[in-house]
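Could you walk me through this model, one selection at a time? I have it open in a viewer and would like to know what to click on next.

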Amino acid sequence: MARLSVLGISGGVGTPSRTTAVVNALVKAVALRVPADTGLIEITEAAPSLFAGLSRDSLGASGEAIIQRVEKADLLVVGTPVYRASYTGALKHLFDLVDYRALTGKTVLLAATGGSPYHGLVLEHQLRPLFGFFGAVTVPTGVYGAPDDFIEGEIAGAAIIERISRAATEAVSLLNSSHANDAVATRVG
């Protein structure tokens, strides 16, 4: 299999960020399982370029480059802190700029962090529908991190570490089947 492009996107708006820690751990876990070129977009750094325009046509070159990285990645690892029972507005703005056809069939691994274990449903009720709109294939296991899963901003909980491993394995399985299907379609077509 050729090297894949695995792009982490952290919707966290602070630094240090527990969300970024989870996204980075997921990207690394995938890269341990499959040859990959990895990258990370942090909303805190990307926001000036992305908020330079309310539409894609009004973005500058740096904002357009960010959107193209998202659209061209083989696998997206998207994480957000939970704000008011949803993902951050800054993360939503990023995906408002992505072409609605660009993520069709693309594998997306979902992650979130929040102030209580009860916010974990954001994965199912907010993030999955967002990527369903795009026609993306979301990995069955999402990763949610509550405060007890971290010590001084570092991932420490056994349960979250196990979920990261399981989610990465599932993502690679989906990627492998997707690329196998693409190869068959190319030979048949």
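Here is a tour in six stops, from a strand outwards to its neighbours and then on to a helix by itself. Keep in mind that the model is predicted.

**Stop 1: strand 3**

Start by selecting residues 75–81, which make up strand 3. This strand is mostly covered, with seven of its seven residues buried. Colour its two faces separately if you like: Leu75, Val77, Gly79 and Pro81 lie on one side, while Leu76, Val78 and Thr80 lie on the other. Both faces are covered.

Now add strand 1, residues 4–10. Strand 1 and strand 3 run parallel and are joined by five bridges. To find one place where they meet, pick Gly8, whose bridge partner in strand 3 is Val77.

**Stop 2: strand 4**

Next, select residues 107–113 for strand 4. How many of its residues are buried? Seven of seven, so to speak of this strand as mostly covered is fair. Thr107, Leu109, Ala111 and Thr113 point one way from the strand, and Val108, Leu110 and Ala112 point the other way.

Keep strand 3 in view as well, since the two strands pair in the parallel sense over seven bridges. Two positions are handy as landmarks: Leu75 stands opposite Thr107, and Leu76 has Val108 as its bridge partner.

**Stop 3: the other partners of strand 4**

Add residues 137–138, which are strand 5. Strand 5 pairs with strand 4 in the parallel sense over two bridges. Thr107 is a good residue to centre on here, as it stands opposite Val137 in strand 5.

Then add strand 6, residues 143–145. Which way does strand 6 run relative to strand 4, and how many bridges join them? The two run parallel, and three bridges join them. Centre on Thr113 this time, and you will find Gly145 of strand 6 opposite.

**Stop 4: helix 4**

Select residues 89–97 to bring up helix 4. Shown together, strand 3, helix 4 and strand 4 make a right-handed β-α-β unit. Show the side chains of Ala90, Leu91, His93, Leu94, Phe95 and Leu97, which are buried in this helix. What covers them? The cover includes strand 1, helix 2 (43–50), helix 3 (61–72), strand 3 and helix 5 (122–133).

**Stop 5: an aromatic cluster**

Leave Phe95 selected and add Phe131, Phe133 and Phe134: these residues form one aromatic cluster. There are four aromatic pairs in the structure. One of them is Phe131 with Phe134, whose ring centres are 6.3 Å apart and whose planes meet at 35 degrees, so the pair is tilted. In Phe133 and Phe134 the ring centres are 5.1 Å apart and the planes are at 75 degrees, which makes that pair edge-to-face.

Switch to a surface and see which of these rings are buried or exposed. Phe131 has 0% relative accessibility and counts as buried. Phe134, at 3% relative accessible area, is buried too. Phe133, in contrast, is exposed, with a relative accessible area of 58%.

**Stop 6: His119, then helix 1**

Now go to the loop between strand 4 and helix 5 and pick His119. It is partly exposed, with a relative accessible area of 34%. Leaving aside residues up to four places away in sequence, His119 touches Val82, Gly114 and Tyr144. For a distance to check in your viewer, take the C-alpha atoms of His119 and Val98: these residues are 21 apart along the chain, and the atoms are separated by 26 Å.

Finish with residues 18–31, helix 1. Helix 1 has 14 residues and reaches 20 Å from its first C-alpha to its last, close to the 20 Å expected at 1.5 Å a residue. At its start, look for Ser17, where a side-chain oxygen comes to within 3.2 Å of the backbone nitrogen of Thr19. The buried residues of helix 1 are Thr19, Thr20, Ala21, Val22, Val23, Leu26, Val27, Ala29 and Val30.

Key:
Residues are numbered from 1 along each chain as its sequence is written. This is a predicted model: local features need pLDDT of at least 70, side-chain atom pairs count only at pLDDT 80 or more; totals for chains, interfaces and linings use all residues. Side-chain values use heavy atoms; hydrogens and water are left out. Helices (H or I, at least four residues) and strands (E, at least two) are DSSP runs, numbered from the N terminus. The expected span of a helix is 1.5 Å times one less than its number of residues. Buried means under 20% relative accessible area, exposed over 50%, partly exposed in between (1.4 Å probe, protein chains only). A polar contact is a pair of N or O atoms within 3.5 Å; within protein, one must be able to donate a hydrogen and the other to accept it, and residues adjacent in sequence count only if both atoms are side-chain atoms. Rings of Phe, Tyr and Trp (its six-membered ring) pair if their centres lie within 6.5 Å; planes under 30 degrees apart count as stacked, over 60 as edge-to-face and the rest as tilted. Two strands pair if DSSP finds at least two bridges between them. A crossover is right-handed if, with the strands pointing away from the viewer, the path from the first strand over the helix to the second runs clockwise. Contact means heavy atoms within 4.5 Å.
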